[in-house]
Structures are given as structure tokens and as C-alpha cells.
Amino acid sequence: MTIGEVSLYTNDVVTLANFYKQLFDIDNQSNDTVHQVIISEGTSFTIYNDGSRKNNNNQNIRLAFTVDDIHAEYQKLLTLGVEIIEKPTKRPWGATNMSFYDPDRNIIYFRSFAT
């Protein structure tokens, strides 16, 4: 298992993404207002707005792990009694994502990509 993505949730994707593009001297050729990938090598770093209003109370970060078989991981989580937020769901950009709470109620994502 590897860390797949670190994503900052924000109310203003363009402003936050532009800050990190300047900070890291990266031009991702995007002004998308919903989702921007800033770094895609190794662990991805993204800026994202899921449509909800952010309260800036330390709930604006998510941790995502890339797994080989998301459906097997989902079954394992069920046997562990983990509270599932979203079952594995195919996304338009090709990933299959799912989310769940860890014991401290942090939101954790598993994702896999079709090969």
C-alpha cells in the first residue's frame, strides 16, 4: 500500500492552487474551479472543492491511499467493522474511490485505477 494523494479541501480552488503553483514553481495548465492536480509524481498533491462550505476547523485535508484491489480492501474493512462513508464508486476520471472513518473519525480514502 502506498500513499496515493494528499488533497486540500478549500472554498476557492483557483486561489489556493495558484498559491501552491507559485510556491512550488509548477504550472499545471489548469484553472479548474473544482479540482486541480498540483504534483502528480509519486504522491499526488491536489486542491479540491467538493461543493460544501469549508469551516477551516481542521477538516480540510484528506488522506488517500492507492490500493491494488479496492473491492478486496472494502471487504476487509467490512470485516473489521469500519464505518464506511462511501462504497467503492467509479469516478469520471478513471479512479474507483471509497471512503471511511479511522478510529479518530479522520476521513480516509482508498482508490484504485483500472490497468
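Two residues are in contact here when heavy atoms lie within 4.5 Å of each other. By that criterion, V82 is in contact with L77, F100 and Y101, leaving aside its neighbours within four places in sequence. The model is predicted. This briefing covers V82 and then strand β3.

**Residue V82**

- V82 sits in the loop that lies between α2 (70-79) and β5 (84-90).
- The relative accessibility of V82 is 22%, and because buried means under 20%, V82 counts as partly exposed.
- D102 is 20 residues away from V82 along the chain, yet the C-alpha atoms of V82 and D102 are separated by 7.4 Å.

**Burial of strand β3**

- Strand β3 spans residues 44-48, and 5 of its 5 residues are buried, so the strand is largely enclosed by the rest of the structure.
- In a regular strand, side chains alternate between the two faces of the sheet.
- In β3, S44, T46 and Y48 point one way, while F45 and I47 point the other way.
- The residues pointing either way from β3 are all buried.

**Partners of strand β3**

- Strand β1 (residues 2-9) runs parallel to β3 and is joined to β3 by 5 bridges.
- Within this pairing, S7 has T46 of β3 as its bridge partner.
- Strand β2 (residues 35-39) pairs with β3 in the antiparallel sense, over 4 bridges.
- On the β2 side, V37 stands opposite T46 in β3.

**The β2-β3 hairpin**

- β2 and β3 form a hairpin, with 4 residues between the two strands.
- G42, in the turn of this hairpin, has a positive phi of about 70 degrees.

Key. Residues numbered from 1 in each chain as written. Predicted model: local features only at pLDDT ≥ 70, side-chain atom pairs only at ≥ 80, totals over all residues. Heavy atoms only, no water. Buried < 20%, exposed > 50% of the residue type's maximum accessible area, 1.4 Å probe, protein only. Pairing = 2+ DSSP bridges.
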